[in-house]
Amino acid sequence: MIYIALLRGINVGGNNKIKMADLKKALEDAGFMRVKTYIQSGNVLFESDKTEAELVPELEGIIHTAFGISLKVILRTADELDHLITNTPYAGHTLAEGESFYVTLLGEPLPQEELVKLKEMENEEDQCSVVGRDVYYLFRKSILDSKLAGAMNKIKIPSTTRNWNTMNKLQALAKEMSQQ
């Protein structure tokens, strides 16, 4: 099975620095197969026969042991990533200048009370849609100034956010791996 691991909070603002080549080596040394990394924000593709429940704590442990960093790993299979991209609620929307798509990948489904809080933060500039363990965003201005994005950051569920271009590139890399 091909997995995509998304690490939360590395190489951001000079904190939790991990070189992707070092991360790749640490995972390969731990027995992970066909490891590939993509950009410095902590995106790793690999192959494993283990389950998500087995892999998440194992990956977090390897990173803590090798780099002294405690962080959350969000995991998706290549099939889940395909589904995430294919079934975006914003399919067909052409981005206007200044607009952007993002997705927050959750470690577990969003509880109803948190969903209600999140939806209360929507406005003309910021929209979101929750599908399973994924929160899709359409920002008409900057994510940095978004109250909706700020509300998501306050939710106490392991999560990480990526822009839509990164998600599409990860999908392409996963497809490439599956064809080899």
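**Close-up 1. Cys 128 and its bridge partner in strand β7.** In this predicted model, Cys 128 is matched with Tyr 137, which is its bridge partner in β7. The two strands involved are β6 and β7, the latter covering residues 134-139, and they pair in the antiparallel sense over six bridges.

**Close-up 2. The open sheet that contains β6 and β7.** Four strands make up this open sheet, in the order β6-β7-β5-β8, and their pairing is antiparallel. At the edges lie β6 (126-131) and β8 (159-163), each of which pairs on one side only. On average, and with direction ignored, neighbouring strands of this sheet are turned by 20° against each other.

**Close-up 3. Helix α4 across two strands.** Helix α4, formed by residues 112-120, lies across β6 and β7, and the helix runs at about 160° to β6.

**Close-up 4. The pairing of β1 with β4.** Strand β1 (residues 2-7) pairs with β4 in the antiparallel sense, and five bridges join the two strands. One of the positions to look for is Ile 4, whose bridge partner in β4 is Arg 76.

**Close-up 5. Thr 77 and the covered strand β4.** Thr 77 belongs to strand β4, which spans residues 73-77, and because its relative accessibility is 12%, below the 20% cut-off, Thr 77 counts as buried. Leaving aside residues up to four places away in sequence, Thr 77 touches Met 1, Ile 2, Tyr 3 and Ile 4. The strand β4 as a whole is mostly covered, with five of its five residues buried: Val 73, Leu 75 and Thr 77 point one way from β4, while Ile 74 and Arg 76 point the other way.

Technical notes:
Residues numbered from 1 in each chain as written. Predicted model: local features only at pLDDT ≥ 70, side-chain atom pairs only at ≥ 80, totals over all residues. Heavy atoms only, no water. Pairing = 2+ DSSP bridges. Axes fitted to C-alpha atoms, helices over the stretch in contact; angles between N-to-C directions. Contact = heavy atoms within 4.5 Å. Buried < 20%, exposed > 50% of the residue type's maximum accessible area, 1.4 Å probe, protein only.
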